[in-house]
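Trainee: Could you take me through one part of this protein slowly? I'd like a close look at how its packed helices meet.

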Amino acid sequence: MKRIIREKMLVKYETYLRREEKSRATINKYLCDLRKLMAYAGGKEVGKELVLAYKDKLLTQDGYKVSSINSYLAAANSFFEYMGWLDLKVKTYRVQQEAFCPENKYLSKEEYYRLVKTAKEMGKIRLAMILQTICAMGIRVSELKAVTVEAVRNNSVIIYNKGKIRTVFLPDELRKELLYYISRNGIREGVVFCTASGRAVNRSNVWREMKSLCGKAGVDADKVFPHNLRHLFAVVFYEMGKDIAKLADVLGHSSIETTRGYIKTTGREHRRQLNRMKLVPESAQ
């Protein structure tokens, strides 16, 4: 049988991913990435040379970041494994993690405070509460749906994500503000943060609203997105106890290597640390 990727194969593969209990977001990402490979193949039979050429094109012509390319390749390898085309699997690019985070991507605590303050001043109270909930609990924006009235009253949120279950506690001050928000808005039960249609807010809702704060808050838009709030939580949590294993558990990471990417500070802080080491003897001049 010729190895030609067809839409009907992806339908069956989607069913397989669901049975493997992959999250909806992961399934959608894999299918989107595979359709990109399918479009590149253009109806031709997929062989190792074609896959390698695709890998090279993503890097040298399309200009994707290595992390994005590895994501595309992971989707392809997963599909090849499902199909039994093991000889088509390719290696991902190995990346040495940077020791620090670029200044234009690092959201400081002061900038976060300004975003919350600006949201309140603009009358975006729900957004202000969402920012504080994500940042103070260290949860993913997709996990906001687990923040229910019942969970806030019980002072703990049970999160099911990526085949894992974890319990996340609410800081006292956040719980106090959430209870007030719930009472003031007449939310009796269910998910706390919903759209006008009654659905739980999603990443695109929050991302768009966060961007609207940047100008007035005086924060670079490049560093304002939901997941950066989770990174800020990780940095502050780690600085308090230096316990990366515990942080990994709190964030719901299976690998500490993933957690390492969350606790990088800026190049400025990295330079300050190098200077504090004082490993260059003072000059006699």
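Mentor: Happy to; here is a walk through one helix and its neighbours.

This is a predicted model, in which local features need pLDDT of at least 70 and side-chain atom pairs count only at pLDDT 80 or more, while totals for chains, interfaces and linings use all residues. Residues are numbered from 1 along each chain as its sequence is written, and side-chain values use heavy atoms, with hydrogens and water left out.

To get our bearings, the protein is divided into domain 1 (7-88) and domain 2 (109-265), with bounds that come from an automatic or database domain assignment. The centres of the two domains, taken over C-alpha atoms, lie 31 Å apart.

Our focus is helix H6, residues 125-137. Helices here are DSSP runs (H or I, at least four residues), numbered from the N terminus. Two packed helices are described by the angle between their axes and the distance between the axes. Axes are lines fitted to C-alpha atoms, for helices over the stretch in contact, and angles run from 0 to 180 degrees between N-to-C directions.

Let's start with helix H5 (residues 109-121), which packs on H6 at an angle of about 155°, the axes being 7 Å apart. H5 and H6 are therefore roughly antiparallel to each other, the term for angles over 145 degrees. The crossing is left-handed, meaning that the near helix is turned anticlockwise from the far one by less than a right angle. On the H5 side, the contact (heavy atoms within 4.5 Å) is made by Tyr112, Leu115, Val116, Ala119 and Lys120, and on the H6 side by Ile125, Leu127, Ala128, Leu131, Gln132 and Cys135. These residues divide into nine nonpolar, one polar and one charged; Ala, Val, Leu, Ile, Met, Phe, Trp, Tyr, Cys and Pro count as nonpolar, Asp, Glu, Lys and Arg as charged, and the others, Gly among them, as polar.

Now for helix H11 (residues 226-241), whose axis comes within 7 Å of that of H6 and crosses at roughly 40°. H6 and H11 are therefore oblique to each other, and their crossing is right-handed. Here Leu131, Ile134, Cys135, Ala136 and Met137 of H6 meet Pro226, Leu229, Arg230, Leu232 and Phe233 of H11. That contact has nine nonpolar residues, no polar ones and one charged.

Finally, look at Glu209 in helix H9 (residues 203-211). Its side chain is joined to that of Arg126 by a polar contact of 2.7 Å. Leaving aside neighbours within four places in sequence, Glu209 is in contact with Lys124, Arg126 and Leu127.

Notes:
Helix = DSSP H or I, 4+ residues; strand = E, 2+ residues; numbered from the N terminus. Parallel < 35°, antiparallel > 145°, perpendicular 65-115°, else oblique. Polar contact = N/O pair within 3.5 Å; in protein donor to acceptor, adjacent residues only side chain to side chain.
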